[in-house]
Every structure is written in C-alpha cells, then in structure tokens.
Amino acid sequence: MSEVKLLSQVQVEKGKGSDFIRKLIRLICEFICPKGYTCQELQKLIYTYINALRDCYKFEPKVLDWRQFMELHRKYFGENVYAILYDGKYHVPRKDALIQFIRDNWLDKRRWLEDVYDCDNFALSFKAYLAEIGLINACGFAVGEVRDAKTNQLLGYHAFNVLSFYDETGEIKMVMFEPQTDEIAEIKDGKAIFRDKYVYIPYWVEY
Ligand SMILES: [Ca+2]
C-alpha cells in the first residue's frame, strides 16, 4: 500500500471507532465528576484508563539500537537534517496498530491556541501519547519550515512529527505526520508534501 493511499485511508476513516471513548468521557463528565471526586482521584482514574488503553493496541514493536535508528533517519533525511537521539534503543510499531492509534486518538480534534497550544504542543503531545499509551519511543518531534509547493515561497516555521513503523513485509519506514489533522505524507529527499500544497522541510528531528 502506498503512503498516498495511507493518507486517504486515515482521512476517510477518521472518527470511526471512537464511540467508546466518547461514551467514556460522557460517563466521566456526567456521573463521576459531580459525585465529588477530587482532582487527585480523577488523575488516578486517567492513569487507570491509560493503562487499559495500552492493551487495546498490538504494537508488537521491533527494537532497533540507536545506530540502526540513526541509519534509518539518514536514509530518509540524509546528512543535512540533524537528528537528536535521546534513547539507546527504539521501539518501532506495526503499521496497522499505529494507524489504528492515530485514528482513535483525539489530538486532532483539540483546539489550536496561539503559543499555549499550537504546533509545537500538538507534536510534543503526539510523541508523548505514543510513549505513554503504547510504550513506543520511535516518534520524532521535528522543527522546520513550510513552503508553498508551487512557488517555493516561505509560508512559516512549523513543528510536526516523524513516524516510524514496519509494514506487512517487515520493512521499517519513516513518514511525516501532521498531528493537527492526522495527515501522513511520504518523505522524499528529507521533505514531504501535504495536500499537494505545503512542503514540510525539517531542520532537526528529536527522537
Ligand atoms: Ca507553543
């Protein structure tokens, strides 16, 4: 399956399968909160749900050491995009489990708020959710620029994610991910084009 197809699949199927989570949140809001739970107790409940969520996804990670992971980064980004590696080993998930996680996750429905919850916060949250819920650390936080695909005009500076996964053949791949919309795009020469319009060019990626 091409990554272009992957993108359309995520868009079309986005929102499905989230009924359970929606019901759960309604349950918490309508029944649990008014019954006098303290903030501390609600925090405990959140972590209980996170632990329950962990069992929902069969990430079945492949483990790469940092040298292998750096090689993977170089394969997609070359020498010019700096990679910062925080770990000695990287857990790379199955593609279908990662796609399911993206589809179910509600981050793309969050409200954008200048500075306090904007692109860097979306990308950092997605990286954190994947580690917290899935124990998957092979997700990059990327910082760079966005250019117009036709005119090459600089549109602005941006933060986004780089995802790693292995497909049905076992091959490990990297793609770029826009956590504000759940869009995925193929990486070519260290860049990716979203919606045929926006070219994402990272300066560095933190893993
Ligand atoms: Ca911010």
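**How are helix 3 and helix 6 oriented to each other, roughly parallel or roughly perpendicular?**

Let's work this out on the model above, which is a predicted one.

*Step 1.* Start with the geometry: the axes of helix 3 and helix 6 are 8 Å apart and make an angle of about 80°.

*Step 2.* Angles of 65 to 115 degrees count as roughly perpendicular. Helix 3 and helix 6 are therefore roughly perpendicular to each other.

*Step 3.* Now look at who meets whom. On the helix 3 side the residues are I50, L53 and R54, and they meet E132, I133 and G134 of helix 6.

*Step 4.* For a distance to check in your viewer, take N51, which lies in helix 3. Its C-alpha atom is 7.1 Å from that of I133, although N51 and I133 are 82 residues apart along the chain.

**Exercise 2. Find out whether helix 3 is buried or lies in the open.**

*Step 1.* Check the helix itself: 16 residues at 1.5 Å a residue should span 22 Å, and the end C-alpha atoms of helix 3 are 23 Å apart, which agrees.

*Step 2.* Test one residue. N51 has 10 C-beta neighbours inside 10 Å, so N51 counts as exposed; the cut-off for exposed is 12 or fewer.

*Step 3.* Then count over the whole helix. The number of buried residues in helix 3 is 0 of 16, so helix 3 lies largely in the open.

**Exercise 3. Work out how the buried residues of helix 6 are arranged around its axis.**

*Step 1.* Helix 6 runs over residues 119-134, and its 16 residues reach 22 Å from first C-alpha to last, close to the 22 Å expected.

*Step 2.* List its buried residues: F122, A123, F126, K127, L130, I133 and G134.

*Step 3.* Looking down the axis, the buried residues of helix 6 fall within an arc of 155°, so they line one face of the helix.

*Step 4.* Ask what covers them. The cover includes helix 3 (39-54), helix 5 (95-104), strand 4 (139-148) and strand 5 (154-166).

*Step 5.* Finally, step off the end: just after helix 6, L135 takes a positive phi of about 55°.

**Exercise 4. Do the arc exercise again for helix 5.**

*Step 1.* In helix 5 the buried residues are K95, L98, F101 and I102.

*Step 2.* Their arc around the axis is only 125°, which puts them on the same side of helix 5.

**Exercise 5. Describe the largest nonpolar core and say which element gives the most to it.**

*Step 1.* A general point first: in soluble globular proteins, nonpolar side chains tend to be buried together.

*Step 2.* Here the largest nonpolar core has 38 residues, and A138, L163, M174, V175, M176 and V205 have the most contacts inside it.

*Step 3.* Helix 6 gives the most to this core, with 5 residues.

*Step 4.* Zoom in on M174. Apart from neighbours within four places in sequence, its contacts are L72, Y76, V162, L163, S164 and I187.

**Exercise 6. Place D189 and D196, and decide whether they are buried or exposed.**

*Step 1.* D189 sits in the loop between strand 7 (183-186) and strand 8 (192-194). D196 is in the loop between strand 8 and strand 9 (198-206).

*Step 2.* Read the backbone angles: phi is near 50° for D189 and about 60° for D196, which is not a glycine.

*Step 3.* Count neighbours. D189 has 10 other C-beta atoms within 10 Å and is exposed; D196 has 7 and is exposed.

Terms used: Residues numbered from 1 in each chain as written. Predicted model: local features only at pLDDT ≥ 70, side-chain atom pairs only at ≥ 80, totals over all residues. Helix = DSSP H or I, 4+ residues; strand = E, 2+ residues; numbered from the N terminus. Expected span 1.5 Å × (residues − 1). Buried ≥ 20, exposed ≤ 12 C-beta atoms within 10 Å, placed from the backbone. Arc of directions from axis to C-beta. Contact = placed C-beta atoms within 7 Å. Core = buried A, V, L, I, M, F, W, Y, C linked by C-beta atoms within 7 Å. Axes fitted to C-alpha atoms, helices over the stretch in contact; angles between N-to-C directions. Parallel < 35°, antiparallel > 145°, perpendicular 65-115°, else oblique.
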